[in-house]
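This text walks through one structure, step by step. Please keep the sequence and the 3D view at hand while reading.

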Amino acid sequence: MALDAFAYIPLLATVFVAIAIFCLLSAINKKRSAKISFIAFLSIVILVCGIIYTLVHPGLMVLSMSIFCASFIFLPYCVITVLLPAKKLEKIEKKNANTIDTTVVPQTPEMNLSLDDAKKDLLDISLDFIVFSESAFSDRKEGLSRLLSHINQTLMNVSHADGGAILLIDDFEDIISVKSFAGNFPPPYRLPSDLPHKPIRVETSFKFATFPLRDNIFGEVALGGKPELITKPELDDRIYQNSPEEFLRCGSYIFIPMKIGDTVIGEFALAKKLGTPVFTQEEFDAAVTLASFGAVSIHEFSAVQEVVEHNESVKEADIACRIQQLLLQKKMPSIPFADVAVYNSLADGVCGDFYDIIVSRKDRISFTITDVVGKGMNSLMVMIMMRSMLRLIVNTKQTAGTILSWINHGISTETAIDHFASMALVNFDSTTKRINYATGGSAPIWLYSSETKDMSRISEQSEPVGVEKSTEYLDHSRQLKSGDIIVMYTDGLVESLDENGVQYSIDNLVRIVKLNHSKSAKDIISLVKNDLKQFNGNVHQHDDQTLLVVKIL
């Protein structure tokens, strides 16, 4: 099943989580700081339930997600336990070695083996992050925003901050952007010169702010990778004071990089207004501890969401490709004075190519081949629109260039989808053996001449169909003779790669056609297909491949 194929993504994540748990448990054992918690039993229950469900409903996804959730629930407990001071257990061990005493012994600071109240609260909150992230999955549009807002508000409450923000890094643009904001956050960066110094304007600006990873406090802390407590902003040259308004004056700040392993994916920022007590070391420590769980929750939410979205796109692409196959002709029509054959190989999830052979009358037999840009359902929609318009217009007496121009105008006016394609159209008059043709985009038309024994491209590259509605496509005509061969193909064929990354190229296609020009169209197609297979070897191709051969009899 397609779904099970993606089970290995959470399984891989589970491996890393399990390694982290192993290291933390080793530290716990060395420090002898705690007994086994009920959380361990909760993890086992989740695993057992996942295994039972898998036995009843075969499939790896439920099992792998159960293993991951059990490990993830146990991880916060391990981290909190490692942070506890070492306990002196010698007296207890000695007593247990000699007698079995059922008397309840009053707990002292030295003998207390449970988490203190503050750390219990942190553990409860970290588990709450997990529960909240699970509920946020059901909200496809606002789930991440809700999770960020929840974590941000929780960090503010724990640290008694007046304001808080969560920023995420965009790796492709090397910027860090505000994704969640709440409360009163005096800006520690230079405000835009044209921004009025009014609370509502400053707040709105910060909600949608984007910062480079240098020359500002957010970027500098993110690059540094270490949490920072700033209680005297006037002594930190990374903090910019926007004066003279009171609400802009900087108080104290906490900046915590959001780290997953050694990678920083974002940042937590907390602020207190000037005139309020600065952040204490205890508040800083609590925020740092809690932020680590928040970072993991955000990262895992995004990772699982990416898996789900990818799986849905795969399903969508699979449906689109099945519909595409239904639209493609399976049997070649009988055409006077022409021998026709087609090769079509569909790449997984692409669904960009289609071909059509339309017999309108003896003086109008249309051959078309099209490569739609895009993948999945989007390319299928464009394909169906182009195919429908072509079949309506081709029965008229309009030329190939006019037909392409009309199709282009119809596709270009659609604004709801991404749409453009390369298209080649050849109208064949079997009574005169004359062709009228036009092309849009990079779709080529090649012709083998039985007279010159040579093969050349007879089409010109032009604007793709669907880009500009005012584009007019030029008509071309040519008289053919018996033995001439028309060859039309999509880029996926000549751009397919071997194991060394070398393209098949048009040269190989031309070579096969020229060497076998005396054979039938079907034989030529078969020879090209075999040559292509030998060239590609076991390399997986990522684009549809279509080849249409018409031999004039």
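In this predicted model, a good place to start is helix 15, which spans residues 521-536 and lies across strand 7, strand 15 and strand 16. Helix 15 runs at about 25° to strand 7.

These strands belong to an open sheet of 5 strands, ordered 7-16-15-12-13 and paired in antiparallel fashion. At the edges are strand 7 (338-345) and strand 13 (454-457), each of which pairs on one side only. From one strand to the next, the twist averages 15°. A second helix, helix 14 (residues 505-515), also packs on the sheet, where it touches strand 12, strand 13, strand 15 (485-489) and strand 16 (545-552). The direction of helix 14 makes about 155° with that of strand 15.

Strands of a sheet pair through backbone hydrogen bonds, in either a parallel or an antiparallel way. Here, strand 12 (residues 445-449) and strand 13 run antiparallel and are joined by 4 bridges. Tyr448 stands opposite Met455 in strand 13.

Next comes a single residue. Phe428 sits in strand 10, which covers residues 421-429. Is Phe428 buried or exposed? Its relative accessible area is 1%, so Phe428 is buried, the cut-off being under 20%. Among the residues that Phe428 touches are Pro336, Phe337, Lys362, Ile435 and Ile552. Ile365 is also touched by Phe428; the two are 63 residues apart in sequence, yet their C-alpha atoms are 5.0 Å apart in space.

Finally, a word on confidence. The protein chain averages a pLDDT of 80, and 72% of the residues score at least 70. Over residues 84-116, pLDDT stays under 50. For that stretch the model has 30 contacts beyond four places in sequence.

Note on methods. Residues are numbered from 1 along each chain as its sequence is written. This is a predicted model: local features need pLDDT of at least 70, side-chain atom pairs count only at pLDDT 80 or more; totals for chains, interfaces and linings use all residues. Side-chain values use heavy atoms; hydrogens and water are left out. Two strands pair if DSSP finds at least two bridges between them. Helices (H or I, at least four residues) and strands (E, at least two) are DSSP runs, numbered from the N terminus. Axes are lines fitted to C-alpha atoms, for helices over the stretch in contact, and angles run from 0 to 180 degrees between N-to-C directions. Contact means heavy atoms within 4.5 Å. pLDDT is the predictor's confidence in each residue, from 0 to 100. Buried means under 20% relative accessible area, exposed over 50%, partly exposed in between (1.4 Å probe, protein chains only).
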